[in-house]
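Trainee: I would like a close look at one part of this structure, namely whatever enclosed space it has. Please begin there and then work outwards to the rest.

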Amino acid sequence: RFCEPEDRERLLPMIINGDISGSMCLTEPDAGSDVGSLRTSAKHLNDKWYSLNGTKIFITNGGGGLGFVLGRIDGAPEGLKGISLFLVEEFLEEGGEKKRNYTVAKNEEKMGLHGSHTCEILYENSKGKLIGEPNQGMKMMFHLMNEARIAVGLQGLGGIEASLAYARKYAEEREQFGMCLMKLPLFRRNFEDWEAERDGFRALMVDTISFFDQYQRLDLKKRHHGLSDEERERFSFVQKVVRRRTPLVKLYGAETFTTLSQKAIQALGGHGFMKDHDVERLHRDSFAPLLYEGTTQIQSLMAMKDLLKYTMSQPTKFLQTMVGGHPIGNIFSGEGEYHKRFSGVLYEFRKNLMGLLMRCFKPDDGDITQVFSPKYWRNPKQYEKIMEHAETMAFSISYLETLKVLAVHADMDESRKELYDRYYRLVLPRFASIYCDWKNH
């Protein structure tokens with residue numbers, strides 16, 4: 001997508017053959033979520049070649065043979081604006097001899113994910129090739145990072161399915177009180193809730209991947225060949241969906257994997273705590289997705305930022321949308337039954353969100369008319385209080401996006417109605433708890 005043709009033609013066949021693989025190298029000892037504070041330096045040598053010095057830690061697959069490395073060219077601005085992206089290979093040919101270009105200093109011992117190598121890498125006058133233009137590294141790295149975040153959502157789904165499948169098999173074979181566990185009323189009710197969350201998230205994940213696949217293909221075509229008018233319109237639409245969904249599937253999938261793998265351990269009782277059963281390994285593995293590719297809190301802030309950007313850039317339009325979305329207005333709309341039911345949930349969310357915004361941003365002088373001016377919302381100090389609610393806001397949007405997908409399914413297919421109802425009953429108390437927090441915090 002970004003490298004020069006000669007590098008693509010040389011390296012891609014080696015990757016396909018399994019001779020090498022790759023890594024993305026961002027994190028440093030003093031630069032985790034705050035990527036802008038990284039210290040890896042890059043000194044210009046000639047043409048597009050630079051000499052890199054620095055340390056990267058927690059690099060997945062760091063020993064794969066090559067990496068996309070973030071660094072700062074000497075004299076570049078501080079923060080994210082001054083970061084460039086480099087292609088750095090572990091071995092380079094010099095004078096007909098293969099020489100090591102960087103050192104894989106350590107393979108980390110982790111609590112889980114033991115099948116994945118997580119490395120510390122040292123760059124000491126390592127040669128790297130600049131990708132694209134100087135100081136444009138974060139734009140390209142975000143493309144890779146967002147793909148990785150969606151992949152974490154899929155990883156979460158796989159972990160959820162593995163955990164519940166193992167627990168269900170155990171519960172159908174294990175007898176207590178004269179019957180298998182799955183026939184015990186409380187156990188059965190709990191398990192139905194766990195599976196409703198699994199099935200709801202799977203629907204959201206599959207829908208998101210469909211949009212992401214379109215985005216990836218159109219983006220690649222746009223960069224190398226150009227798009228038709230129809231393709232540009234489609235690209236704009238799917239890009240917005242992918243941007244909105246990316247932090248949501250990452251945080252929702254990772255958090256739910258940890259929660260439901262814990263429930264799977266409990267479903268097995270004391271056996272779940274023993275290494276004889278896979279659920280304890282799955283639970284240990286579940287903590288990594290909570291952390292890499294941006295923590296749940298980072299994803300929450302991203303989701304909140306996008307929501308507030310829309311809301312606060314056009315506050316009058318948001319109010320009109322809220323009023324126009326009142327459930328009474330949907331009675332004669334001609335929409336399907338489940339679309340109407342979802343519209344009611346969405347209206348309650350918008351109503352409570354507006355209440356939260358008014359409490360966090362209310363003018364000191366009491367002049368309420370100020371909130372209709374986009375200028376009023378640009379004061380950075382106004383955002384400190386609302387940031388406390390980023391996580392609950394992000395989870396609310398995750399449940400809404402899932403319900404929206406399930407509503408579309410239910411209006412198209414009779415067999416999907418039960419899942420919408422099950423998922424709605426599951427998340428309704430969560431909405432109530434979140435709205436209570438917004439009103440009283």
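**From the cavity outwards**

Mentor: The structure, which is a predicted model, holds one cavity of 30 Å³ or more. The volume of the largest cavity is about 50 Å³. Its lining is made up of Asp-7, Arg-10, Trp-49, Leu-87, Val-88, Glu-89, Leu-92, Asn-101, Lys-127 and Lys-129. Helix H1 (5-16), strand E5 (83-89) and strand E9 (118-131) are the elements that each give two or more residues to this lining. Which of them gives the most? E5 does, with three residues. Sorted by class, the lining has five charged residues, four nonpolar and one polar.

Before leaning on such detail, look at the confidence. The mean pLDDT of the protein chain is 91, and 90% of its residues reach 70 or more. E5 has the highest confidence in the chain, at 97. The lowest belongs to helix H8 (residues 315-324), with a mean of 62. Where pLDDT is low, predicted coordinates should not be read in detail.

Now take the strands. Ser-51 belongs to strand E3, which covers residues 49-60. Is Ser-51 buried or exposed? Ser-51 is buried, because its relative accessible area of 10% falls under the 20% cut-off. Beyond residues up to four places away in sequence, Ser-51 touches Ser-41, Ala-42, Lys-43, Leu-45, Asn-125 and Ser-126. Asp-74 sits in the loop between strand E4 (66-73) and E5. With neighbours within four places set aside, Asp-74 is in contact with Ser-41, Ala-42 and Lys-43. Those three residues are also among the contacts of Ser-51. Asp-74 can serve as a marker for distance too: its C-alpha atom is separated by 54 Å from that of Gln-266, 192 residues away along the chain.

Two loops deserve a look at their backbone angles. Most residues other than glycine have a negative phi. Asn-61, in the loop between E3 and E4, has a positive phi near 60 degrees without being a glycine. Asn-61 counts as partly exposed because its relative accessibility is 28%, between the 20% and 50% cut-offs. Phe-177 is another non-glycine residue with a positive phi, of about 55 degrees. Phe-177 lies in the loop between strand E10 (175-176) and strand E11 (179-180). At a relative accessible area of 75%, over the 50% cut-off, Phe-177 is therefore exposed.

Next come the helices and an open space. The second largest pocket has a volume of about 970 Å³. It is lined by 27 residues, and those closest to its centre are Lys-240, Arg-244, Tyr-310, Glu-401 and Lys-404. At least two lining residues come from each of helix H3 (185-224), helix H4 (229-267), helix H7 (296-313), helix H9 (337-361) and helix H11 (390-412). H4 gives the most, with eight residues. By class, the lining of this pocket divides into 16 nonpolar, ten charged and one polar.

H3 allows a simple check. How far should its 40 residues span at 1.5 Å a residue? The expected figure is 58 Å, because the span is 1.5 Å times one less than the number of residues. The end C-alpha atoms of H3 are 59 Å apart, which agrees. After H3 comes Gly-226, with a positive phi near 95 degrees.

H9 contains Leu-353. Leu-353 is buried because its relative accessible area, 0%, is under 20%. Between the C-alpha atoms of Leu-353 and Tyr-435 there are 8.3 Å in space, although 82 residues separate the two in sequence.

The last stop is helix H5 (residues 278-285), where Val-279, Glu-280, Leu-282, His-283 and Asp-285 are buried. An α-helix has 3.6 residues a turn, so residues three or four places apart point the same way. The elements covering the buried residues of H5 include helix H2 (137-173), H4 and helix H6 (287-291). H4 thus appears twice in this tour, as part of the cover over H5 and as the element that gives the most to the lining of the second largest pocket.

Notes:
Residues numbered from 1 in each chain as written. Predicted model: local features only at pLDDT ≥ 70, side-chain atom pairs only at ≥ 80, totals over all residues. Heavy atoms only, no water. Helix = DSSP H or I, 4+ residues; strand = E, 2+ residues; numbered from the N terminus. Buried < 20%, exposed > 50% of the residue type's maximum accessible area, 1.4 Å probe, protein only. Contact = heavy atoms within 4.5 Å. 1 Å grid on protein atoms, 1.4 Å probe; cavity = no way out; pocket = protein on both sides within 12 Å on 5 of 7 lines; lining within 4 Å. Points joined across faces, edges and corners; volume = space filled by probe spheres on them. Nonpolar A, V, L, I, M, F, W, Y, C, P; charged D, E, K, R; others polar. pLDDT = per-residue confidence, 0-100.
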